[in-house]
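Open the model in your viewer and keep the sequence panel in sight. The tour goes from one selection to the next and says what is found at each stop.

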Amino acid sequence: MRVRIDLHTHSDVSDGTQPPAGLVRAAADAGLDVMALTDHDTAAGWAEAVATAAEVGIRVVPGMEISTELDGHGVHLLAYLPDPRHPALAAELAAVLEGRNARLPATIAKLQAEGVEIEIDDVLAAVAGVPAALGRPHVADALVARGVVADRSEAFDRWLSAGRPGYVRRYAADLTTMIGVVRDAGGVTVVAHPWGRTRTPYLTAERIAALAEAGLAGIEVDHEDHTPDVRRTLRGIAGDLGLVITGSSDHHGAGKEGHGLGCNTTAPTEFERLMERAAAARRATGRPVQEEYAWTL
Ligand code: AMP
Ligand code: ZN
Ligand code: FE
Ligand code: FE
C-alpha cells in the first residue's frame with residue numbers, strides 16, 4: 001500500500017477552520033498515513049493533534065509555519081519538530097505573535113477609515129476556535145460575515161493583500177537566522193511555496209543555495225500555488241542542491257478552496273530524508289520533542 005504524506009496543514013489555532021482533533025480525523029478519513037500540523041507561528045495545537053492521531057491510527061508530525069523575511073521579502077518557513085521552549089525560538093515566536101495581535105486593531109482602523117463598517121468584535125466573533133495566531137484570514141471572515149465581500153479570496157484581493165487599503169505590515173523573523181534557530185531547537189526547515197503567488201520569484205536558485213548553506217533542509221515543490229512549470233524548475237533546483245522535495249495541501253479547512261487534504265503529497269523516500277535530518281538535529285541538540293510527541297522514525 002502506498003503511504004500518503006501531507007506535510008502542511010492549518011487548524012483553527014491559526015487560520016484553519018477545524019480544531020486540531022477534527023483536522024486529524026479528517027486527515028485519517030482522507031486516507032493520509034502521515035500529516036504535519038503546521039499552524040502559523042505556534043505549537044498550540046500539537047498536543048491535541050498528536051493525541052487524536054494515536055486514537056485514529058495515523059501519525060502527526062508536530063510543525064509550524066513561521067513568518068520570516070529575507071531582505072524585506074516575506075517567506076513562510078515550515079519547521080518540523082523544533083522544541084518550542086528553546087529560548088531563541090520562543091522569543092521569536094512571541095515577537096511574531098505580538099506583531100499579529102498589534103496588527104488587528106491597526107487593520108480595523110484602516111478599514112474603518114475607508115468607510116468599511118467593521119469592528120474588532122466582528123473579527124473575534126468570526127473566529128472559530130481560540131486562535132493562538134490571529135491573521136488576515138480572520139479579518140477576511142469578518143468581512144464576509146458583514147457582507148462586504150463574498151469570500152476570503154475577494155477580501156484579500158480588495159482589502160488585505162500587500163498594497164491594498166487594509167494592509168498593515170507586521171513583524172517577521174529573519175529567514176537565515178530562523179533556519180539556524182530551528183536547527184538549534186532540534187528541528188528541520190523547509191521553505192513553504194517558494195514561488196507561490198508571485199510572477200517574479202524573489203527566492204532565486206542562488207538565494208536558495210545560500211539558504212541550503214545556512215542549513216535549510218528542503219523546499220515545498222508540490223503546492224497548489226505552483227504551476228507544473230514551476231514545479232519542474234524547483235525540482236531541478238532541489239536536485240542540484242541536495243534539498244529534500246516536499247508536497248502538501250496547505251489545507252485551511254473551509255477557509256481555502258482547492259486545498260483538500262492530500263491534494264499534494266510527499267514521497268516516502270523524501271520524507272525519510274527529512275526525518276533523518278531531524279533526527280540528526282535532535283541528537284546534536286538533545287532536545288526531547290520527538291519523544292515527547294510520540295514521534296519515532
Ligand atoms: P497573515 O498570516 O495574516 O499574514 O495572512 C496570511 C494567510 O492568508 C496565509 O495563510 C494565506 O493562506 C492566506 N492568504 C493569503 N493570500 C490569500 C488570498 N488571496 N486568498 C485567501 N487566503 C489568502
Ligand atoms: Zn494560513
Ligand atoms: Fe504559507
Ligand atoms: Fe500555510
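Which residues coordinate the zinc ion (ligand 2)? This is a predicted model, and in it the donors are D15, through OD atoms listed twice, H40 (NE2) and H252 (NE2), at 2.1 to 2.5 Å.

**Stop 1: the zinc ion.** Select ligand 2 together with D15, H40 and H252. Along the chain these donor residues are spaced D-x24-H-x211-H. Now color the secondary structure around two of them: D15 is in the loop between β1 (5-6) and α1 (20-29), while H40 belongs to strand β2 (residues 34-40), so this pair ties together parts that are 25 residues apart in sequence.

**Stop 2: the iron ion.** Next, go from the zinc ion to the iron ion (ligand 3), 5.6 Å away. Show the side chains of E65, H76 and H193, which coordinate the iron ion through OE, ND1 and NE2 respectively, at 2.1 to 2.2 Å. The spacing of the iron donors in the sequence is E-x10-H-x116-H. E65 is found in strand β3 (residues 59-70) and H76 in strand β4 (residues 73-80); the two residues are 11 apart and link distant parts of the chain.

**Stop 3: ligand 1.** Select ligand 1 and display the pocket surface: this ligand sits in the largest pocket. The elements that contribute two or more residues to the shell around ligand 1 are α3 (87-113), α5 (136-145) and α6 (152-160).

How many residues surround ligand 1? There are 13, and the closest are H40, R100, R103, R136 and K256. H40 was already selected at the zinc ion, where its NE2 atom is a donor. By character, the shell around ligand 1 divides into 7 charged, 4 polar and 2 nonpolar residues.

**Stop 4: polar contacts of ligand 1.** Three distances can be checked with the viewer's distance tool.

- R136: a backbone N or O atom is 2.7 Å from an oxygen atom of ligand 1.
- R100: a polar side-chain atom is 3.0 Å from an oxygen atom of ligand 1.
- D15: a side-chain N or O atom is 3.1 Å from an oxygen atom of ligand 1.

Finally, switch on the protein surface. Ligand 1 taken alone exposes 500 Å², and the protein buries 89% of that area.

Definitions and conventions: Residues numbered from 1 in each chain as written. Chains lettered and ligands numbered in written order. Predicted model: local features only at pLDDT ≥ 70, side-chain atom pairs only at ≥ 80, totals over all residues. Heavy atoms only, no water. Near = heavy atom within 4 Å. Polar contact = N/O pair within 3.5 Å; in protein donor to acceptor, adjacent residues only side chain to side chain. Areas by Shrake-Rupley, 256 points an atom, 1.4 Å probe, with all protein chains shown as cover. 1 Å grid on protein atoms, 1.4 Å probe; cavity = no way out; pocket = protein on both sides within 12 Å on 5 of 7 lines; lining within 4 Å. Sits in = over half its atoms within 2 Å of the grid points. Helix = DSSP H or I, 4+ residues; strand = E, 2+ residues; numbered from the N terminus. Nonpolar A, V, L, I, M, F, W, Y, C, P; charged D, E, K, R; others polar. Donors = N, O, S within 2.8 Å, 3.2 Å for Na, K, Ca; no water.
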